[in-house]
Amino acid sequence: LFRSAVISVFAAVSFIVIFSAEFNVAGVIGLILTAVASLASGVIYCNKLKEEAYRGRNLKKANQEAAKKSLLPIVDINVVVIVIGAMAYLLGGVIMKSFSAALVLGGIASLVVNLILLRIMMWLATNTTSLTGKYQVFGIDQTKVPNIVAEEKQTYFGPFQDRDFTKKKKPVGIVTLLLTIASIAGMITFGALN
């Protein structure tokens with residue numbers, strides 16, 4: 001997970017240097033957002049791997065299913081990052097150039113890293129014969145993985161199976177949206193004034 005985030009951030013820094021964008025606070029914020037998007041993509045992938053393993057699938061099959069089920073969320077996260085970067089480039093001034101370069105090109109790098117490199121690394125890890133059945137290497141509690149041959153049913157559904165997160169969903173979403181809009185508007189305003 002951390003390797004994919006480091007590769008994405010390194011690519012974003014490289015693109016800032018290639019495009020001769022001024023490296024400033026906005027660029028640092030863009031790099032942080034790129035790293036967060038890349039980490040979130042990797043966490044989604046690994047979480048899907050764990051969910052499939054807890055359903056009783058072996059590591060190979062769990063990896064195949066995780067790759068399918070994590071595709072759209074990973075694409076969504078990185079496309080949102082790219083769109084935010086493109087809008088900041090179109091609406092912002094010179095100060096937003098490094099922010100935009102970090103988000104757009106870092107988002108593309110994150111998308112490639114998480115859709116191709118992370119999948120290749122996980123495929124290699126789950127298809128290695130020395131790791132066959134060693135769920136603990138992937139952070140999976142082997143005692144909670146049902147044995148399908150013995151017709152055991154799934155008993156573990158995740159650490160938050162009994163909690164309801166939908167109660168505070170709307171207020172948290174509204175506050176997050178308002179803070180995001182205020183942050184981007186503030187950066188664009190200060191960029192236009194300078």
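Buried here means under 20% relative accessible area, exposed means over 50%, and partly exposed is anything in between. Keep that handy for the exercises below, and remember that this is a predicted model.

**Exercise 1. Work out which label, buried or partly exposed, fits lysine 61 and which fits glutamate 65, two side chains that meet in a salt bridge.**

Step 1. Start with the contact: N to O, the lysine 61 and glutamate 65 side chains are 3.3 Å apart.

Step 2. Now place the two on the chain. Both sit in helix 3, 4 residues apart, so about one helical turn separates them.

Step 3. Check accessibility. Glutamate 65 comes out at 13%, which makes it buried because the cut-off is under 20%. Lysine 61 has a relative accessible area of 34%, so it gets the label partly exposed.

**Exercise 2. Find which residues pair with glutamate 52 in salt bridges, and say which parts of the chain the lysine pair ties together.**

Step 1. Look for nitrogens by the glutamate 52 carboxyl. Arginine 57 is one partner, with the closest N and O atoms 2.6 Å apart. Lysine 69 is another, at 2.8 Å for the closest N and O atoms.

Step 2. Map the lysine pair onto the helices. Glutamate 52 belongs to helix 2 (residues 25-54) and lysine 69 to helix 3 (residues 59-69), so this bridge ties together parts that are 17 residues apart in sequence.

Step 3. Compare surroundings. Glutamate 52 is buried at 1% relative accessibility. Its partners are labelled otherwise: arginine 57 is partly exposed at 27%, and lysine 69 is partly exposed at 36%.

Step 4. Zoom out. Glu52, Arg55, Arg57 and Lys69 are joined into one network by salt bridges that share partners. The structure as a whole holds 6 salt bridges.

**Exercise 3. Decide whether the span of helix 4 agrees or disagrees with its residue count, then work out where its buried residues lie.**

Step 1. Do the length check. Helix 4 (residues 71-91) has 21 residues, and at 1.5 Å a residue it should span 30 Å; the end C-alpha atoms are 30 Å apart, so the two agree.

Step 2. List what is buried: Ile74, Asn78, Val81, Ile82, Gly85 and Ala88.

Step 3. Look down the axis of helix 4. Those buried residues fall within an arc of 125 degrees, so they line one face of the helix.

Step 4. See what that face meets: the buried residues of helix 4 pack against helix 2 and helix 5 (97-127).

Step 5. Flip to the face turned away from the buried side, and you'll find exposed Leu72, Leu90 and Leu91.

Definitions and conventions. Residues are numbered from 1 along each chain as its sequence is written. This is a predicted model: local features need pLDDT of at least 70, side-chain atom pairs count only at pLDDT 80 or more; totals for chains, interfaces and linings use all residues. Side-chain values use heavy atoms; hydrogens and water are left out. A salt bridge is a side-chain nitrogen of Lys or Arg within 4 Å of a carboxyl oxygen of Asp or Glu. Buried means under 20% relative accessible area, exposed over 50%, partly exposed in between (1.4 Å probe, protein chains only). Helices (H or I, at least four residues) and strands (E, at least two) are DSSP runs, numbered from the N terminus. The expected span of a helix is 1.5 Å times one less than its number of residues. The arc is that of the directions from the helix axis to the C-beta atoms. Contact means heavy atoms within 4.5 Å.
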